[in-house]
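Colleague: I've got this model open and I'd like to learn how to read it. Can you walk me through?

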Amino acid sequence: MGKKVMKLFLDTMLRAAVIILAVAIIVMLVLLAKTVKKTASNGASTTQGTSGIVTEETDPSDPTFGNGDAAEDTSSDTEDATDAADNQDQAKSAKDAKIVVLNASGVSGVAATWQTTLSAAGYTSVDIGTYDNDSQSTTTVYTSSDYDISDLTGLLGTAATAPRSDIDSSVASDVDISGADIVVVIGIDNASNN
């Protein structure tokens, strides 16, 4: 009994560490991207003068020198480019996606347990079903590149990823996966891990 409790405790701590690490990496990447964009935009404004010092005469945002309209157009173009780059870098949250969890572990009730786990973690649309083909040894998350699944794979621990187009609707007869944004096929590796 003590070994099971210790294993459960260690598994929980490992998952928590993986989730924290994943969140930290994402935050660092976002901050790095914003810093690079800010540095690039500052570099463009300082190259307009002959020195690296921005004075009133070389400040493109100062409408009192030169053509004020052109300066306004330049700053709005830079803002538009930055906004467009931010939108491209941000994938949709998997918590808002339509998710179908298929039990491919051969252990009864696994999909329902994962449905409860995912719902508790904030995933809003989670349906379940049974994988009709042979049992799978590893868990696989099928998704499009539109979704950020780092939190989801963090919860699953050892999940592989694959394009959403790689899984056919015929693998589950008890649930329709054709409208799902993300399909999670739970393998034997995650049959007892939640």
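Modeller: Sure, we'll go from the overall fold to the sheet, and then to single residues.

Modeller: Bear in mind that this is a predicted model: local features need pLDDT of at least 70, side-chain atom pairs count only at pLDDT 80 or more, and totals for chains, interfaces and linings use all residues. Residues are numbered from 1 along each chain as its sequence is written, and side-chain values use heavy atoms, leaving out hydrogens and water.

Colleague: How many helices and strands are in the protein chain?

Modeller: Helices (H or I, at least four residues) and strands (E, at least two) are DSSP runs, numbered from the N terminus. Here there are four helices and seven strands, and from the N terminus they run α-α-β-β-α-β-β-β-α-β-β.

Colleague: In what order do the strands sit in the open sheet?

Modeller: Two strands pair if DSSP finds at least two bridges between them. Five strands make up this open sheet, ordered 3-2-7-4-6 with mixed pairing. Strand 3 (125–130) and strand 6 (160–163) are the edges, each pairing on one side only.

Colleague: Which way do strand 2 and strand 3 pair?

Modeller: Parallel, over six bridges, with Asn103 opposite Thr130 in strand 3. The chain gets from strand 2 to strand 3 through helix 3, a right-handed β-α-β crossover (with the strands pointing away from the viewer, the path from the first strand over the helix to the second runs clockwise).

Colleague: And strand 4 with strand 7: parallel or antiparallel?

Modeller: Antiparallel: four bridges join strand 4 (residues 140–143) to strand 7 (residues 182–186). Val141 faces Val184 across that pairing.

Colleague: Is Thr140 in strand 4 buried or exposed?

Modeller: Buried means under 20% relative accessible area, exposed over 50%, and partly exposed in between (1.4 Å probe, protein chains only). Thr140 counts as buried because its relative accessibility is 14%. Across the protein chain, 26% of the 194 residues count as buried.

Colleague: What does Thr140 contact?

Modeller: Contact means heavy atoms within 4.5 Å. Setting aside neighbours within four places in sequence, Thr140 touches Ala160, Thr161, Ala162, Val183, Val184 and Val185.

Colleague: Which charged end sits over the ring of Tyr123?

Modeller: The test is NZ of Lys or CZ of Arg within 6 Å of the ring centre and within 35 degrees of the ring normal. Lys95 passes for Tyr123, with its charged end 5.7 Å from the ring centre.
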